Amino acid sequence: MERREFLRRTSAAGAATLGAGTLAATAAGTRAAAATPRTGPLRVDIVVFDGVEELDCVAPYEVFSAAAMHHANGVEVRYVTTGRPGLIRCGYGTGIQVKHRWAPRETDLIVVPGGGYTRRDGPGVWAEIDNGTLPRALAAAPREGLTISSLCTGAVLLSAAGLTRGRPCTTHHGAKAYLAEHGGLVKNARVVDDGDLVTVGGITSGLELALWLVKRELGADAATGVETMLEYEARGTVWQAS
């Protein structure tokens, strides 16, 4: 049997037996926009670049793709680049063929992964900051109805774009001091939800980022369905603006 069809059936059955899981136990209130019924698919763009951490971009891609099986309106998730579409080489050598260009007005949610924070002279976040294209694109992206999120040292790119200054945020533990020095109001939480800006901790926190946003945007049933499918329960605290 095809793997995803098998997972769809088994996870749907399992989800029916789950109560309110880890995600549902977090702060009950979400931003007002999340309470509005969605009439179309949730559109998610994950921006990638040479040196990006593999798990940073693959984990949220997997979660959002799986969420499409658990909500009537579905999810459209894609990798995008601010450069020319083509092969992106990740930090450990994995190649990702990126077909789509940066188009922030065509999406509901942007995910900014990290990678290469310890390599000042190699591909990764520092090279992207030195180049300037991605930080400028991020700085120009905010608009009503768009949520910008980051995981791990992707928050350093948001910082370079001026998006974390004066805002509650978090990042990988090794970059928290840098984020605070550049004006971020760093919170000791795995997920920090400040409405249209959502940041999470390091590497594996990409699972929490995606599961939290699935819960916030598509509902707890979709989130617990994905948790069952992946055999993973979200962990850690979600700090949420009141």
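**Note on salt bridges, a loop glycine and a helix pair**

1. Glutamate 217 is buried, its relative accessible area being 11%. The threshold for this term is under 20% relative accessible area, so a value of 11% places glutamate 217 in the buried class. The reader should bear in mind that the structure is a predicted model.

2. With which residue does glutamate 217 meet in a salt bridge? Its partner is arginine 216, and the N to O distance is 3.0 Å. Arginine 216 is itself buried, because its relative accessibility is 3%. As general background, side chains of opposite charge can pair when their charged atoms come close.

3. Arginine 216 also takes part in a salt bridge with aspartate 193, where the closest N and O atoms are 3.0 Å apart. Aspartate 193 belongs to strand S10 and arginine 216 to helix H7 (residues 205-218), so this pair ties together parts that are 23 residues apart in sequence. Are these two partners buried or exposed? Both aspartate 193 and arginine 216 are buried.

4. The count of salt bridges in the model comes to eight. One of them joins aspartate 45 to arginine 78, with 2.7 Å between the closest N and O atoms. This pair links distant parts of the chain: aspartate 45 lies in strand S1 (residues 42-47), arginine 78 lies in strand S2 (residues 75-81), and the two are 33 residues apart. Aspartate 45 has a relative accessible area of 4% and is therefore buried.

5. Which residues are joined into one network by salt bridges that share partners? They are Asp45, Arg78 and Glu106.

6. Glycine 195 is placed in the loop between strand S10 (191-193) and strand S11 (197-200). Although glycine 195 is in a loop, it is buried, because its relative accessible area is 18% and the limit for the term is under 20%. The C-alpha atom of glycine 195 is separated by 10.0 Å from that of serine 149, a residue 46 positions away along the chain.

7. The last point concerns two helices. Helix H2 (residues 54-67) packs with helix H8 (residues 220-230) at an angle of about 120°, and their axes are 9 Å apart. The crossing of H2 past H8 is right-handed. On the H2 side, Glu62, Val63, Ala66 and Ala67 take part in the contact, and they meet Val226, Met229 and Leu230 of H8. The residues of this contact comprise six nonpolar, no polar and one charged.

Terms used. Residues are numbered from 1 along each chain as its sequence is written. This is a predicted model: local features need pLDDT of at least 70, side-chain atom pairs count only at pLDDT 80 or more; totals for chains, interfaces and linings use all residues. Side-chain values use heavy atoms; hydrogens and water are left out. Helices (H or I, at least four residues) and strands (E, at least two) are DSSP runs, numbered from the N terminus. Buried means under 20% relative accessible area, exposed over 50%, partly exposed in between (1.4 Å probe, protein chains only). A salt bridge is a side-chain nitrogen of Lys or Arg within 4 Å of a carboxyl oxygen of Asp or Glu. Axes are lines fitted to C-alpha atoms, for helices over the stretch in contact, and angles run from 0 to 180 degrees between N-to-C directions. A crossing is left-handed if the near helix is turned anticlockwise from the far one by less than a right angle, and right-handed if clockwise. Contact means heavy atoms within 4.5 Å. Ala, Val, Leu, Ile, Met, Phe, Trp, Tyr, Cys and Pro count as nonpolar, Asp, Glu, Lys and Arg as charged, and the others, Gly among them, as polar.
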